[in-house]
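User: Hi! Could you walk me through this model with a few questions and answers?

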Amino acid sequence: MTQRLTAPGYRTIVVVDVVGFTDPRRTSEDRSAVRHGLYQILETAFAESDIDLGLCDLEDRGDGALILVPQQVPRRTVADRLPDRIVAALRRYNWTRKAWAQFRLRVGLNSGDVVHDGNGWLGTAIDTAFRILDCPDAKALLTSSARMVALISSESFFQEVIAGDPGTFPESYQQVPVTVKTYTGTAHLRLLGEPTAGEPPTLAPVATSTSAPKSAPTGTLATRPPAPPSSRGDVLEVIPAAELRTLRDHLSVTEVPRLAILLSRAAGPAIPLPRREDVHDAWEAFEYLMDFNAGPDGIPPAVLFLELLAGELDGEAGEALAHWIGEQAGRWRLGPALEKQRLTRTPLPDEPHLHLTLMVDLDPIDPSRCVLASWRQDDPEVWPPPLGGVREVAMEELEYRVDEAILDAEDAWWEQGTAAAVEFVLPRTLLHLPVLRWRKEHVSGKPHPLRYDYRINIRSLERMRARYWHRIWHRRWDSMLEDPSADRLHYSGSSEFEEHPIDAVLSDPHWVGLVMREKPAARPEASAGPDEFLAALRCGLPVVLWHPEAGPEELRELLDWVLGGESGFIDLPARRKLAGLPTSWLPGDSLAHDLVVMWEDPKRVIVLDQPLIPNRG
């Protein structure tokens with residue numbers, strides 16, 4: 001299809017390229033971080049140069065970008081302000097990244113007529129900008145230096161803009177010959193970004209051509225053998241050595257009751273948590289996090305850990321650490337990001353509660369086997385947790401495999417000192433599983449009932465997956481939190497409602513819970529009468545209860561006690577656990593032990609968009 005060219009327009013052209021973007025020492029995660037960092041640097045540098053990047057025409061080039069500056073921006077502004085702003089932004093970025101995600105840049109400057117053909121920008125001036133960017137001498141000179149940016153100007157741009165303006169330091173440029181593909185000419189090179197004392201090294205490209213220096217300069221990674229990206233020795237040196245020693249002496253003796261939660265919060269979902277034997281104190285937690293890059297907000301996880309720790313410490317210790325962080329934030333230009341983080345983060349709860357969520361689903365081919373997946377929450381205010389193990393197991397072994405998942409969670413939670421719940425996300429066909437009677441620590445020979453240690457809760461796999469039910473589910477949940485009174489529990493079969501379809505009854509927003517007359521049938525079509533369970537899910541009721549054996553009067557008496565707390569439905573999970581303890585006043589074990597409670601918080605949903613691939617075992 002023929003595209004019509006736009007009328008030519010005269011533009012200032014900026015082209016940028018990441019040095020060694022495809023270096024084999026970089027992982028795909030490193031390259032993704034570098035690309036994100038490049039655009040973060042460009043946005044900062046252009047903004048600080050009073051050039052709105054949003055008004056520029058920008059084309060992504062994979063390891064770089066083509067930027068056409070608006071015509072109203074003087075070329076002198078680009079030549080005068082932009083280079084130093086790029087260096088400053090790049091230095092700040094590299095300070096908060098491990099070496100494998102640090103980078104250097106080549107920046108080309110030119111100007112001339114350009115047109116757009118409907119697919120992209122083109123013109124001789126653009127071709128020239130990319131040819132001078134690939135100048136072999138410019139690449140070699142940058143490689144042999146410890147500088148961060150090679151600024152390369154075309155001959156015409158230099159003579160027309162830079163040479164006559166002392167503020168652009170024309171004397172700092174050197175003329176270099178350019179022979180790239182069919183282009184032959186000259187360009188002017190300026191190396192910027194002299195490293196400061198103690199600055200971390202920047203990734204140097206692997207020397208692959210005769211034009212590159214035989215040995216890399218002191219301070220670059222090429223002077224030492226490459227280490228794997230996850231090496232503990234590749235610590236991000238964002239803090240001077242003397243201050244680091246003082247920090248180590250302080251953190252090593254600081255008692256932190258909720259160390260595991262602080263570590264989990266600082267790490268976030270993208271960073272794997274260390275083994276418990278690897279982290280014994282706040283210093284070791286900080287040291288572990290120093291191996292990882294900053295996130296999109298620019299805050300290194302190690303710095304975020306110190307920020308969270310300062311909020312946990314009382315008295316002079318907390319004040320001193322907060323003051324130190326404030327001073328460092330000024331050096332790293334992290335003040336606004338840290339302030340925003342303080343304003344938006346959720347405070348640690350006074351009575352934190354952790355969840356281990358276990359999803360069980362039948363094998364679609366072999367009903368004697370199932371898939372078991374787990375999600376372990378390590379921070380009571382962070383959701384969703386990462387997916388843990390996914391296994392295919394025999395149904396007859398399911399209780400034992402659940403036992404293993406619980407013990408693995410306890411191994412991670414050992415320092416938490418917080419309450420915990422075990423949730424089973426089950427399809428309708430498996431709601432009959434006697435999980436309330438299951439036990440843990442089978443290897444001891446004397447297994448222990450789960451209900452003694454945890455709140456046991458059932459959740460619906462169908463509701464988790466059916467997003468078209470979630471809006472009304474959120475509305476009923478929020479309504480329950482506003483008014484958790486016990487009279488909002490509907491008993492199926494009540495005489496005053498028996499003439500009305502159950503869907504019509506439960507559509508009344510007054511109801512937030514349903515007591516079913518009997519346990520749900522394995523399949524909707526197997527229900528003898530109206531499908532109460534399906535109606536409850538469709539109407540968004542967050543609480544559904546049933547008992548496999550208790551009669552109506554016994555069940556009502558039990559639920560009167562369970563919902564008899566001061567906060568009604570809010571107290572239901574805790575009082576349901578109390579009702580199942582041997583010390584409960586309720587007569588008989590099975591009455592309370594076998595009460596099934598579906599307590600469904602729509603704000604804690606496991607995302608099940610992708611199929612779970614189990615390990616066979």
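User: How much area does the chain expose, and what percentage of it do carbon and sulfur atoms supply?
Analyst: Happy to start there. This is a predicted model, in which local features need pLDDT of at least 70 and side-chain atom pairs count only at pLDDT 80 or more, while totals for chains, interfaces and linings use all residues. Residues are numbered from 1 along each chain as its sequence is written, and side-chain values use heavy atoms, with hydrogens and water left out. By the Shrake-Rupley method with a 1.4 Å probe, where for residues only the protein chains shown count as cover, the exposed area is about 29500 Å², and the share from carbon and sulfur is 51%.

User: What share of the 617 residues is buried?
Analyst: Buried means under 20% relative accessible area, with exposed over 50% and partly exposed in between (1.4 Å probe, protein chains only). Of the 617 residues in the chain, the buried share is 51%.

User: Of the contacts between residues at least 6 apart in sequence, what percentage join residues at least 24 apart?
Analyst: A contact here means heavy atoms within 4.5 Å. Among contacts between residues at least 6 apart, the share joining residues at least 24 apart is 73%.

User: Which residues of helix 3 are buried?
Analyst: Helices (H or I, at least four residues) and strands (E, at least two) are DSSP runs numbered from the N terminus, and the chain has 20 of each. Helix 3 covers residues 124-133 and has seven of its 10 residues buried, so it is largely enclosed by the rest of the structure. Those buried residues are A125, I126, T128, A129, F130, I132 and L133.

User: How many aromatic pairs are there, and what is the angle between the planes of F158 and Y173?
Analyst: Rings of Phe, Tyr and Trp (its six-membered ring) pair if their centres lie within 6.5 Å; planes under 30 degrees apart count as stacked, over 60 as edge-to-face and the rest as tilted. That rule gives eight aromatic pairs. One of them is edge-to-face, F158 with Y173, at 5.4 Å centre to centre and a plane angle of 65°.

User: Where do F158 and Y173 lie?
Analyst: Both residues are buried. Their pair links distant parts of the chain, 15 residues apart: F158 is in helix 5 (residues 155-162), and Y173 is in the loop between helix 5 and strand 7 (174-180).

User: The charged end of R556 sits over the ring of which residue?
Analyst: A charge sits over a ring if NZ of Lys or CZ of Arg is within 6 Å of the ring centre and within 35 degrees of the ring normal. For R556, at 3.8 Å from the ring centre, the residue is Y491.
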